[in-house]
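Colleague: I have just opened this one and could use a guided tour. Could you take me through it slowly?

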Amino acid sequence: MAHQMRSVMDWHFGEPVYDDPDEAPELEGISGLRELSARLHWVNFRMWHLEDRARRRDLDASVIAECKYAYDRLNQVRNALTERLDECLWSMMEPLLPEQAGSNMATETVGCVLGRLSVEALRIYHLKEQARRRDVDHGHVNACTGMCADVEAQREAVGRAVLGLIDQYEAGTLRPAVHRFFKMYNDPDLNPELYKNKQE
């Protein structure tokens, strides 16, 4: 969790040296929980700023459309990374799971939770940024400061919850799982808006 907070600050001053996820959608060769988690966080970082840009009213519509296409591409990468995180954790924990471990699963996987913690880290950074602005009134500063405190408390609670989830894996009361997203909207064979309006 602390690494995510530091990374958000660092990346506003210099981007990490990662392969462009747009050019590596299959994420071949990427392994390791820490590496996958860091890449997921980097994708969320990029998506956060695309979301901001896409809401500008002073830009040409084609720029906004490109933001939307880029966001969709990154969302696919984010989903793939979340699945890979769950697969990685599964492979690490399976040999350690107690024999009596049942088949009960939590409603959210560790990969999904790491994604939520990543977005919360981004939200905290940007709320603090808002609270430091000198061109706004005290009401804006106080509102952002209050929201930031709430998000920090929420993030701490989610962090404790995910550690408790791992404890339950160890105890055999819950079994880790891989959440598959099965997104349909980018598949030209599954999205009716695409296959019905396909240009030959």
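**Helix packing and overall build**

Modeller: Let me begin with one pair of helices: H4 passes H5 in a left-handed crossing, where left-handed means that the near helix is turned anticlockwise from the far one by less than a right angle, and right-handed that it is turned clockwise. Please keep in mind that this is a predicted model, in which local features need pLDDT of at least 70 and side-chain atom pairs count only at pLDDT 80 or more, while totals for chains, interfaces and linings use all residues. Residues are numbered from 1 along each chain as its sequence is written, and side-chain values use heavy atoms, with hydrogens and water left out.

Colleague: At what angle do the axes of H4 and H5 cross?

Modeller: The axes of H4 and helix H5, residues 138-171, cross at roughly 160° and come within 9 Å (axes are lines fitted to C-alpha atoms, for helices over the stretch in contact, and angles run from 0 to 180 degrees between N-to-C directions). H4 and H5 are therefore roughly antiparallel to each other, given that angles under 35 degrees count as roughly parallel, over 145 as roughly antiparallel, 65 to 115 as roughly perpendicular and the rest as oblique.

Colleague: And how do H3 and H4 pack?

Modeller: Helix H3, residues 61-93, and helix H4, residues 110-131, pack at an angle of about 130° with their axes 7 Å apart. That makes H3 oblique to H4, and the crossing of H3 and H4 is right-handed. Among the residues making the contact (heavy atoms within 4.5 Å) are Arg-78 and Leu-85 of H3 and Cys-112 and Val-119 of H4.

Colleague: Switching to single residues, is Ser-118 buried or exposed?

Modeller: Ser-118, which has its place in helix H4, is buried, with a relative accessible area of 0% (buried means under 20%, exposed over 50% and partly exposed in between, with a 1.4 Å probe and protein chains only). Not counting residues up to four places away in sequence, Ser-118 touches Gln-4, Leu-40, His-41 and Asn-44.

Colleague: Zooming out, how many helices and strands does the protein chain have?

Modeller: The protein chain has six helices and zero strands, both being DSSP runs numbered from the N terminus, with H or I over at least four residues for helices and E over at least two for strands. Of the 200 residues of the protein chain, 35% count as buried, and the C-alpha atoms fill a box of roughly 60 × 55 × 30 Å, taken along the principal axes.
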